[in-house]
Amino acid sequence: MERDVEQLHAALNAVKILRSNVGYVFESVSNGLRADHGEDGKDAKFVTELQVLLTTVNNNLRDVENAVSNLTSPPGAFNLGNTTYLSQETTQERQALYGQLVNSYKWTDKIREYSAVAGHILQTNSISKTYKTFSMTKRRKTQTSIHNVPPDVIENHISAIDRLFTDMTITTSRPFVLNPIIQVSLGRVLKAIIAFKGLMIEWVVIKAHAESNDIWTESRYRVFQKVTENSHAAMCHFYAPTMPELGVRSFMHWLHSYITLFSSPCKKCANHLHSNLPPTWRDLRTLEPYHEECK
Amino acid sequence: MGVTVLQQFPIVEQRTGPSTIELLTKRIVALGATQQGQFLVDCETYSSVPQLGAQKTVHVLHNSEQPATVFSILETGSKTIPLITDGLFDLLMMKMSNFYQSKKQTKVESKGPRFEIGDFSVKLGSVAVSQNFKGILVEVEYRPCIVPAMCWDLIREFLQGFLGSSVSSTPPPYLQNKMQEVYTPNDTIQQYLEHFTVYRKSHFKM
């Protein structure tokens, strides 16, 4: 028992160290080149610094894996054991103890249950987020970053989308130098304000034409609030780090299907209204309209 | 400003006006609406004095939804010209009392509770022609949409769900010519004026 706890502490410690070192990596990346890199060969110095940090992270990760493999999972549900007799305690000041005990028992029981489920899911689904290409030639072709794209590439891409639909007009503004915010007017139905980060869609707000272009306030109408929610789901669905153009274009196709937001009935129940809202969901593949409750 | 449809609600014989309003209130509250105060639309009509030549009529309307605005509609016989101004127009009308005189006993108003349910706003108005109760006008506005053609089916479904079979399946005649245009507050006023004119005529028959 004593040994178990010690190992658990060691593992938790290792995780802590890993997290803090990963934090350093991101801090260094976000700071970019600093003054203390000097003038000569500053790029090389920065890369070396990053490499050192990443090596540390790698070592820490190995430590975590070692520590975790030493752990033994608890055999089954915990037993309350002799502590159950606390319920028969007669002294006034100790009577409260039993309630707390039962509560913490419930907690540990829940944690056991959830972690078992989570462990199972993680085992079956790989969580590797990095897209790996193994052949060198292929790697050259794929864009290494979708966050850092030259502005004219984005510009071309947006104007290509603009030409794609006649009833959708796009106006671009660049409050943050590189990253454009576009305002899409979809017929006379709605307008969408979309913020880009490179070629990645970062934020979408749907509003009525009469409302302000502010990206942070949501629409005052229920229906546009719902559509905003759904477009966030679609934004995540169409996110494709390897094919950013395709991702953005599919999202625009999907958004374009809202041209019939008020006029087309739900595909499933054939009604216009459900809880006083028109069909606010569009199927991601077929673009057919559904109510939130019908999809 | 969304698309608004004005609908007359028939009063069955054994019911009075207030009890019909009560019935409709019960229905709309049961659907989940919350009451948001009262509303009032009124209309006063002025006619030109004979010295001005062919008789012209000016209808001056106020809508509590646009409290700082006065809507006036000039009928010359061949044309109707709407004019949308701010509140001072009322005083201007008083100055012109030598040329335009208000007809006696013709002030029409529709007032009652105003409800909101989702993105709809619903107004249950009792129409009175110079204080005499005449009938009930139900106004339903769908606020997010600005083109009648796009949301007529949706509004009709809402109206039928709430008023029953008395709702016709074709849009009101005034809207039929404007289905593809952007809806403006003036269109609401025009609908009110049409209904008010009908109520007034029924007044003269009695």
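Leaving out neighbours within four places in sequence, A:Met252 is in contact with A:Ile161, A:Phe165, A:Met168, A:Ile182, A:Val184 and A:Ile194; contact here means heavy atoms within 4.5 Å. A:Met252 is also one of the residues with the most contacts inside the largest nonpolar core, a group of 72 residues, along with A:Ile194, A:Phe251, A:Leu255, A:Phe262, B:Val122 and B:Val138. A nonpolar core is a set of buried Ala, Val, Leu, Ile, Met, Phe, Trp, Tyr and Cys residues joined through side-chain atoms within 4.5 Å. Helix 3 of chain B, residues 148-163, supplies the largest share of this core, 9 residues. Apart from it lies another core, of 16 residues, including B:Leu6, B:Val127, B:Tyr192 and B:Tyr199. In soluble globular proteins, nonpolar side chains tend to be buried together.

A few notes before we go on: this is a predicted model, in which local features need pLDDT of at least 70 and side-chain atom pairs count only at pLDDT 80 or more, while totals for chains, interfaces and linings use all residues. Residues are numbered from 1 along each chain as its sequence is written, chains are lettered from A and ligands numbered from 1 in the order in which they are written, and side-chain values use heavy atoms, with hydrogens and water left out.

**Chain A**

Let us start with the overall layout. Chain A has 7 helices and 6 strands, where helices (H or I, at least four residues) and strands (E, at least two) are DSSP runs numbered from the N terminus. Their order from the N terminus is α-α-α-α-α-β-β-β-β-α-α-β-β. Of the 295 residues in chain A, 31% are buried; buried means under 20% relative accessible area, exposed over 50%, and partly exposed in between (1.4 Å probe, protein chains only). Among its contacts between residues at least 6 apart in sequence, 44% join residues at least 24 apart.

The chain is divided into domain 1 (1-75) and domain 2 (151-290), with bounds that come from an automatic or database domain assignment. The C-alpha centres of these two domains of chain A lie 39 Å apart.

**Domains and a buried strand in chain B**

For chain B, the assignment gives domain 1 (3-39 + 107-200) and domain 2 (41-102). Their centres, taken over C-alpha atoms, are separated by 24 Å, and the contact takes 17 residues from domain 1 and 16 residues from domain 2.

B:Leu137 is a good residue to click on next. It sits in strand 9 (residues 132-142) of chain B and counts as buried because its relative accessibility is 0%. Its C-alpha atom is 5.7 Å from that of B:Gln7, although the two are 130 residues apart along the chain. Not counting residues up to four places away in sequence, B:Leu137 touches several others, among them B:Leu6, B:Val127, B:Tyr192 and B:Tyr199, residues that also belong to the core of 16 residues.

**Two cavities**

How many cavities of 30 Å³ or more does a search of the whole structure find? There are 2. On a 1 Å grid over the protein atoms alone, a cavity is a set of points where a 1.4 Å probe fits but cannot get out, and lining residues have an atom within 4 Å of a point. Grid points are joined across faces, edges and corners, and a volume is the space filled by probe spheres set on the points.

The largest cavity holds about 90 Å³ of space. It is lined by 12 residues, and the closest to its centre are A:Ile201, A:Phe238, A:Tyr239, A:Ala240 and A:Val248. Helix 7 of chain A gives the most to this lining, with 4 residues.

The second largest cavity has a volume of about 30 Å³. Domain 1 and domain 2 of chain B both give residues to its lining, so this cavity lies between them. Among the lining residues are B:Met1, B:Lys123, B:Thr188 and B:Asn63. B:Asn63 lies in strand 3 (residues 57-63) of chain B, is buried at 4% relative accessibility, and touches B:Thr188 and B:Ile189, among others beyond four places in sequence.

The table sets out the two linings; Ala, Val, Leu, Ile, Met, Phe, Trp, Tyr, Cys and Pro count as nonpolar, Asp, Glu, Lys and Arg as charged, and the others, Gly among them, as polar.

| Cavity | Nonpolar | Polar | Charged |
|---|---|---|---|
| Largest cavity | 11 residues | 1 residue | no residues |
| Second largest cavity | 1 residue | 4 residues | 4 residues |

Technical notes
On a 1 Å grid over the protein atoms alone, a cavity is a set of points where a 1.4 Å probe fits but cannot get out, and a pocket is an open set with protein on both sides within 12 Å along at least five of seven lines; lining residues have an atom within 4 Å of a point.
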